[in-house]
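Colleague: Could you walk me through this one? I'd like to hear the reasoning behind each label, not just the labels.

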Amino acid sequence: MTDISSKMSASLETHIERMKQLTFWSEDLIVRKTRIWLEDRSIKAVLFYFDGLCDEKLIYSSILEPLMNRPVLREEDGGEAPDLLDLLLESVLTVGDIHKFGSLESGLQSLMSGNVAVMLDGFAQGLSISMAGWEQRAITEPTNQTVIRGPKEAFTENIHVNAAMVRKIVKYPGLVLKNHTVGRVTHTNVSVMYIQGIADESVYEEVARRLGTIDTDAILESSYIEEFIQDEAYTIFPTIQNTERPDSVAAALLEGRVAILIDGTPHVLIVPALFVQFFQAAEDYYHRADISTLIRGLRYFGLFIATLVPALYIAITTYHQEMIPTQLLMSLSAQREGVPFPAFVEAMIMEATYEILREAGVRMPRAVGQAVSIVGTLVIGQAAVEAGIISASMIIVVSITAIASYVIPEFDMSIAVRISRFFFMGLAAAFGMFGIFIGINVILLHLSSLRSFGVPYMSPVGPFNFSDQKDVILRVSQRSMKSRPSMFGKLNPFRQRHSRSTKRP
Amino acid sequence: MTIRANRCILLVMTVALLWPLTGCWDRRELNELAISVALGIDKVDDKYQVTVQVVQPAEVASQKGGAGNYAPVVMYQTTGITIFEAIRKMTITSPRKIYASHLRIVVIGEQLAREGIGNALDLLSRDYELRTDFFLLVAKGIKAEKVLKILVPLEKIPANKIYNSIRTSEKVWAPVTAVTLDDFIMDYESKGKNPVINGIRVTGNAEIGIKKENVEMIQPAARIKNSGIAVFRKDQMIGWLTEDQSKGYNYVINTIKSTVGHIQCPDGGYVALEVVRSKSKMKAAVQNGNLRLAVDIHVEENLGEVQCQLDLTKVSVIQELERKAELRVKDLVEQTMDSAQKKFRCDFFGFGNALHRSNPKAWKKLQPDWDEHFAEAPVSVTVKVNIKRTGTIGNSFMLDREE
């Protein structure tokens with residue numbers, strides 16, 4: 001106790017002066033003086049909070065009103081003076097989340113998260129009362145991971161709302177939430193969620209350990225955390241999944257994985273993440289198994305198109321013309337008459353044009369959107385071909401590639417695919433098919449060497465696991481999804497035990 | 001970590017620098033190729049005269065622009081002691097190097113074929129650029145070059161026309177045989193069968209045939225026709241089979257897919273029969289030291305056309321037709337066997353191979369002068385015909401009327 005009182009001087013005026021000093025006389029720090037009436041005397045009190053972070057109405061009704069309008073406090077209600085704070089906490093303030101703080105610095109820290117600090121004249125400690133009530137975005141539909149059938153709510157920037165959305169889905173006491181604070185300056189709240197008894201706790205411990213090693217001043221988005229805690233930095237493939245869908249997080253938790261929620265972003269990280277999971281969309285589980293399986297197949301097909309088609313086009317048309325059916329060769333050849341560039345240069349020009357258009361589409365102000373798309377369509381769609389600079393077949397190749405890269409449900413993976421496309425194009429231009437197959441081997445070896453929080457990235461394909469094949473290319477019916485993925489859910493392997501057939505005998 | 005990062009960067013940079021060192025070696029753009037679809041080989045004064053038909057892609061494929069201004073193909077011709085030289089020499093007139101992977105046909109002039117084509121085919125089977133699935137053809141009575149000059153309707157590329165008409169004709173009419181380079185070499189190498197090659201000729205006015213006028217007419221002045229089978233002994237051509245004999249040949253070697261034949265009715269008029277299935281078996285056996293050859297043919301036919309008064313509802317009538325059809329097929333086969341044994345004294349069916357399979361010891365003994373033994377051996381031909389269907393009507397409507 002002596003320690004604390006040395007840190008906090010007892011006089012109210014000193015409290016105020018110290019607080020102002022700590023915030024460098026920032027003018028959005030509100031200092032509200034009041035008085036608490038005891039039987040024989042009154043004690044001066046002060047409320048600190050930041051303008052805009054707190055719900056002012058709640059301050060009036062839950063703090064000021066009980067303090068000021070309450071009939072005189074008697075000593076026997078609270079006993080000795082040092083316990084006056086406990087008395088306030090226990091029987092005066094009508095608020096849920098209150099805790100005592102011992103130093104002004106920690107009190108100040110809680111103000112940043114929208115708390116109100118109450119301090120009394122002559123008391124070393126103060127009360128920090130949760131009054132957070134800033135303006136925030138409402139829960140909206142997901143903008144990136146949309147579905148036709150399935151829940152249509154997405155995470156918001158508020159970590160408390162996000163955690164609540166998950167807990168609302170998983171109504172199970174074993175759903176554990178642990179708080180961490182990361183960032184020397186931003187003090188960003190990071191919550192880690194997992195389900196006790198399903199998730200391997202060593203994964204949580206590893207997450208906590210890695211979060212603890214982060215030494216940076218700011219965490220502004222989940223990608224900051226992702227880059228700090230991922231297993232392998234030198235890879236184009238994402239080893240941590242992110243989602244803006246609470247149902248995806250719930251599903252991941254139920255598979256025995258760990259979710260990391262970061263304040264200030266609607267993207268939640270999920271670890272460990274496997275290669276195949278980047279091809280599983282939430283909607284796969286909301287439609288019937290047959291169509292979901294077909295669509296999965298289509299996605300893997302899309303992966304190959306998006307990665308290899310420009311490379312194959314370059315390789316085949318510049319090295320292996322004998323592979324093209326005669327009729328096709330003639331029409332390709334006719335289109336190339338008069339095209340001044342080699343196929344590789346032609347492909348690079350078109351890919352670059354497409355990437356520029358795509359980037360411009362994301363980055364431009366909404367108002368000029370139409371202008372960019374019209375120019376883009378005309379330039380790459382028509383003028384280039386009519387001018388004879390680019391062959392029409394190349395336009396087809398680039399378009400199908402561009403579209404195919406977006407059938408991959410996770411944007412991170414489609415970025416990886418886009419990067420590897422250029423790698424393959426280079427190989428194709430220099431070595432033809434031979435180069436492409438060498439490149440495929442390189443990528444496969446690299447993928448097999450990756451791990452995500454200790455789990456082999458390519459499992460259950462890399463280390464093959466027969467029972468896990470139910471959710472790789474196939475999406476078997478819910479009735480057959482009896483066990484959790486063996487990579488994460490070893491502790492509690494069964495989802496269902498006796499699902500009886502509903503067929504009539 | 002920094003050491004690892006440095007190494008990583010070093011590795012990436014090294015690989016990135018190695019990359020352009022290959023300099024796109026061996027690269028050819030599509031518009032640098034002269035896609036040749038047909039090759040003609042003739043012999044002129046002890047030199048090979050090589051003719052190629054090269055596609056003008058813009059003429060063949062493009063939907064708009066230049067189409068119609070040029071011929072769809074262009075011909076290049078040179079002579080050389082070797083064919084390889086001659087082909088390379090074409091660059092004195094051609095702006096692009098001849099690209100032969102998409103070759104559909106190779107036409108050999110009859111004169112060269114009679115002298116022997118073994119040497120001419122060496123390059124074709126040796127060069128890596130050539131597939132061996134193109135058709136070999138003999139230009140009947142003319143130089144190969146003449147065939148490759150004719151413009152044809154329906155197919156823009158004459159070589160494609162020839163290729164497709166052989167395949168179609170083989171499927172539905174039968175007296176042609178599609179022989180690829182592989183087939184030829186296999187037959188040439190096997191001691192129990194001599195090779196054959198399909199023949200081709202130009203009919204009509206070849207002078208107009210080489211002009212675009214030819215395809216502007218409803219009835220083209222010149223046409224390219226399939227014409228029977230050329231028989232080879234080793235690599236030398238020894239003669240032609242007629243159309244009937246060519247059909248008989250296909251009956252014997254079991255390559256009939258479908259064809260149409262006719263038989264005469266008892267009271268005049270004809271009946272056309274469509275062969276829908278044919279199965280034959282060649283047998284060669286040595287009995288009491290004598291070589292005997294046999295051909296068993298099972299044919300399944302449909303009635304296709306009836307020009308006489310027959311009551312097709314009667315089983316006996318159908319049986320009668322079957323018997324006649326058997327005689328007809330037997331006649332075709334015997335004609336062919338006859339010309340093989342008497343005229344050519346050459347086994348181009350593969351009875352030798354049949355004997356080799358059934359009686360290797362006897363084959364070893366007979367093999368050195370197999371063609372002589374073959375020519376002297378008695379042949380028994382048995383044909384069994386089944387008529388299965390009579391089409392969408394039973395009796396001819398003319399018969400119904402008379403009743």
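Modeller: Sure. Domain bounds here come from an automatic or database domain assignment. Keep in mind that this is a predicted model. In chain B the assignment gives domain 1 (28-240) and domain 2 (254-403), and their centres, taken over C-alpha atoms, are 33 Å apart.

Colleague: With centres 33 Å apart, how do you know that residues of domain 1 of chain B are in contact with residues of domain 2 of chain B?

Modeller: Contact is judged on heavy atoms within 4.5 Å, so the distance between centres doesn't decide it. By that test, 17 residues of domain 1 of chain B are in contact with 20 residues of domain 2 of chain B. The two domains bury about 1,400 Å² between them, 52% of it on carbon and sulfur atoms.

Colleague: Why is the pair Arg233(B) and Asp371(B) called a salt bridge?

Modeller: The cut-off is 4 Å between a side-chain nitrogen of Lys or Arg and a carboxyl oxygen of Asp or Glu. Arg233(B) and Asp371(B) have an N to O distance of 3.6 Å, so the pair qualifies. The rule finds 2 salt bridges across this interface of chain B, along with 10 residue pairs in polar contact. On the domain 1 side, α7 (158-172), β8 (222-233) and β9 (236-240) of chain B each give two or more residues. That side has 8 nonpolar, 4 polar and 5 charged residues.

Colleague: What makes chain B depart from a compact globule?

Modeller: The radius of gyration. For 403 residues the globule rule gives a value near 22 Å, but chain B has 27 Å. The rule is 2.2 Å times the number of residues to the power 0.38, so chain B's value lies above what the rule gives. The C-alpha atoms of chain B fill a box of roughly 95 × 65 × 60 Å along the principal axes. Chain B has 16 helices and 13 strands.

Colleague: On to the chain pair. Why is Arg96(B) with Glu337(A) called a salt bridge?

Modeller: Same check: the closest N and O atoms of Arg96(B) and Glu337(A) are 2.9 Å apart, and the limit is 4 Å, so the label holds. Between chain A and chain B the rule finds 2 salt bridges and 12 residue pairs in polar contact. On the chain A side, α11 (289-318), α12 (326-336) and α16 (411-449) each supply at least two residues, and α12(A) has the largest share, 9 residues. That side divides into 17 nonpolar, 9 polar and 4 charged residues.

Colleague: And how many residues does each chain bring to that contact?

Modeller: Chain A brings 30 and chain B brings 31. Together the chains bury about 2,500 Å², 60% of it on carbon and sulfur atoms.

Colleague: Within chain A, what makes domain 2 and domain 3 an interface, given the salt bridge count?

Modeller: The salt bridge count there is 0, but contact needs heavy atoms within 4.5 Å, so no salt bridge is required. Chain A is divided into domain 1 (2-130), domain 2 (159-273) and domain 3 (295-456). The contact takes 19 residues from domain 2 of chain A and 15 from domain 3 of chain A. These two domains bury about 1,400 Å² between them, 69% of it on carbon and sulfur atoms, and the count of residue pairs in polar contact is 6.

Terms used: Residues are numbered from 1 along each chain as its sequence is written. Chains are lettered from A and ligands numbered from 1 in the order in which they are written. This is a predicted model: local features need pLDDT of at least 70, side-chain atom pairs count only at pLDDT 80 or more; totals for chains, interfaces and linings use all residues. Side-chain values use heavy atoms; hydrogens and water are left out. Buried area is the accessible area (1.4 Å probe) that two parts lose on being put together, summed over both. A polar contact is a pair of N or O atoms within 3.5 Å; within protein, one must be able to donate a hydrogen and the other to accept it, and residues adjacent in sequence count only if both atoms are side-chain atoms. Helices (H or I, at least four residues) and strands (E, at least two) are DSSP runs, numbered from the N terminus. Ala, Val, Leu, Ile, Met, Phe, Trp, Tyr, Cys and Pro count as nonpolar, Asp, Glu, Lys and Arg as charged, and the others, Gly among them, as polar.
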